[in-house]
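This report walks through the fold of a single protein and then turns to the surroundings of its helical segment. Please look at the sequence and the structure before reading on.

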Amino acid sequence: MFTIELILRGNPVALAVQRKDQTAAGDLYAKIRDAMSASPPRAIELTCDKVPEKHLAVMSSDVVAVQLTAAKSGSGAPMGMRAGFFAGGGEEEE
């Protein structure tokens, strides 16, 4: 499963949707990234493969960051690592 997270201006909580397929996740990431710089701003409608009843609509001008991550197999994230945006300098510490 692949997760696409969005951070909206003025909202401290990330919004997320999932895609089962890597290509579909990459296409959605590119769609959102392109919409962020589009003029005039437009609504971006999103659905979720994991929770089909989930629907989101956001204005492209309010998206300040987008992230695509792949779910890792196994027991989940390493101890001390939380899901979401990494605010470090580009590489995670080991």
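How many helices and strands does the protein have?

## Overall architecture

In this predicted model, the protein has one helix and five strands, and the elements, read from the N terminus, follow the order β-β-α-β-β-β. Among contacts with a separation of 6 or more, 51% join residues that lie 24 or more positions apart.

Of the 94 residues in the protein, 26% are buried. The protein exposes about 6600 Å², and carbon and sulfur atoms supply 52% of that area.

## The helix and its two sides

Helix α1 comprises the 15 residues 22–36, and because a rise of 1.5 Å a residue predicts a span of 21 Å, the 21 Å between its end C-alpha atoms agrees with expectation. At the N-terminal end of α1, D21 acts as a cap, with a side-chain oxygen placed 3.1 Å from the backbone nitrogen of T23.

Which residues of α1 are buried? They are A25, L28, I32 and A35, and they cover an arc of only 95° around the axis, which means that they lie on the same side of α1. An α-helix has 3.6 residues a turn, so residues three or four places apart point the same way. The face of α1 turned away from this buried side carries the exposed residues Q22, T23 and D27.

## What covers the buried side

The cover over the buried residues of α1 includes strands from both sides of the helix in sequence, namely β1 (2–8) and β2 (15–19) together with β3 (43–47) and β5 (63–70).

Notes
Residues are numbered from 1 along each chain as its sequence is written. This is a predicted model: local features need pLDDT of at least 70, side-chain atom pairs count only at pLDDT 80 or more; totals for chains, interfaces and linings use all residues. Side-chain values use heavy atoms; hydrogens and water are left out. Helices (H or I, at least four residues) and strands (E, at least two) are DSSP runs, numbered from the N terminus. Buried means under 20% relative accessible area, exposed over 50%, partly exposed in between (1.4 Å probe, protein chains only). Contact means heavy atoms within 4.5 Å. Accessible areas come from the Shrake-Rupley method with a 1.4 Å probe; for residues, only the protein chains shown count as cover. The expected span of a helix is 1.5 Å times one less than its number of residues. The arc is that of the directions from the helix axis to the C-beta atoms. A polar contact is a pair of N or O atoms within 3.5 Å; within protein, one must be able to donate a hydrogen and the other to accept it, and residues adjacent in sequence count only if both atoms are side-chain atoms.
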